[in-house]
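Trainee: Could you take me through the pockets in this one, slowly? I'd like to know what lines them.

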Amino acid sequence: MRKGMAGAGIDALVLRPSPDYRFLGGGEGAFLVVTADVVAETGDPARLVPAGARRVGVDPEMRVRELFGLAIEAELVPASPVLAPLRLRKEPREVAAVARAVAAAEGVLARARELAWFGASEREMARRLRLLLVESGCEDVVAVRVAAGEHTAGPAHVPGARVINPGDALTVSVCGRWDGYCAEVARVFAVAEPPEDFDAMYSVVLAAHRAGLAALRPGAPVSEVSRAVTEMIEDSGYGRFAAAHAGRGVGLAPDEGPRPGDGTVLAPGMTFCLEPAIYVPDLFGARLADVVTCTATGPLPLGAAPPALEILDR
């Protein structure tokens with residue numbers, strides 16, 4: 001890390017509690033300060049920044065009032081260029097932590113299958129899922145999504161008052177943090193019976209998931225994963241309805257590197273949330289999300305493979 005700081009011309013790092021802060025072992029302090037010879041938690045970071053420091057790297061999640069409150073007379077720049085490359089490849093203990101988070105998220109969705117969906121609203125079911133996440137030991141609920149019927153065609157849909165009825169398509173996803181590490185799992189259901197042509201469309205998303213998984217191998221650019229997903233969807237005739245991206249990295253944050261557009265080459269230890277999706281406006285959509293780690297021999301899913309279309313019977 002200090003080598004990266006030197007290469008970027010950064011004299012000190014000042015981080016608030018955040019994924020970068022946790023990565024460096026920060027505990028309960030207000031700030032973590034790193035210089036060429038000091039690593040310390042403090043409530044007064046200016047006191048530890050070397051006199052004459054010209055560039056200080058700060059946490060990109062820091063709020064404006066926190067930045068002004070630092071009272072550091074130096075150029076403030078994002079710390080990400082130093083820390084993001086170090087966080088790309090997870091150590092075995094980190095991969096194990098992400099795998100535990102995946103198992104917990106899958107456990108929540110397994111319990112969700114037992115709930116009564118007929119006649120409930122999206123918002124009500126999202127609230128129930130949040131409670132299940134908390135009961136699972138989740139320390140931070142990052143996102144819960146429930147979309148029914150035509151709402152499944154909206155990639156950024158927020159659960160609302162729409163009632164879930166027999167014959168609806170249903171997309172459900174949970175994303176939380178357990179023991180510091182994040183995982184998202186998204187699954188697709190039909191309520192009582194699938195809408196016309198929905199099962200066929202969902203089978204394309206499943207095939208795209210398998211294509212992306214096969215492309216997730218060491219030495220391949222992350223863009224190849226996205227291309228494999230897109231080509232599978234395009235060959236099916238749904239190309240214009242494909243999601244804009246096929247995934248992103250996960251770890252201490254729910255969205256981190258590697259990303260399809262940043263030119264990263266996959267290497268062992270990288271963890272990636274593979275999320276192929278098709279959204280047909282005003283009709284329906286389907287999105288899967290699963291966490292995979294890249295190993296020396298290829299992709300290793302950290303959870304169960306997504307199943308054929310599941311039917312909820314209540």
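Mentor: Here is a walk through two pockets, one after the other. Bear in mind that the model is predicted, with local features needing pLDDT of at least 70 and side-chain atom pairs counting only at pLDDT 80 or more, while totals for chains, interfaces and linings use all residues. Residues are numbered from 1 along each chain as its sequence is written, and side-chain values use heavy atoms, with hydrogens and water left out.

A pocket here is an open set of points on a 1 Å grid over the protein atoms alone, where a 1.4 Å probe fits, with protein on both sides within 12 Å along at least five of seven lines; lining residues have an atom within 4 Å of a point. Volume is the space filled by probe spheres set on the points, which are joined across faces, edges and corners.

The largest pocket comes out at about 320 Å³. Its lining takes in 18 residues, with S80, A84, R87, E256 and R259 nearest the centre. Two elements, α2 (19-23) and α4 (80-88), give two or more residues each, and α4 gives the most, with five. Helices (H or I, at least four residues) and strands (E, at least two) are DSSP runs, numbered from the N terminus. By class, that lining has eight charged, six nonpolar and four polar residues; Asp, Glu, Lys and Arg count as charged, Ala, Val, Leu, Ile, Met, Phe, Trp, Tyr, Cys and Pro as nonpolar, and the others, Gly among them, as polar.

Now the second largest pocket, with about 260 Å³ of space. Lined by 17 residues, this pocket has R145, H245, R248, E275 and R287 closest to its centre. Strands β6 (140-148), β7 (169-178) and β11 (277-280) each supply at least two lining residues, and β6 gives the most, with four. The class split for this lining is ten nonpolar, five charged and two polar residues.
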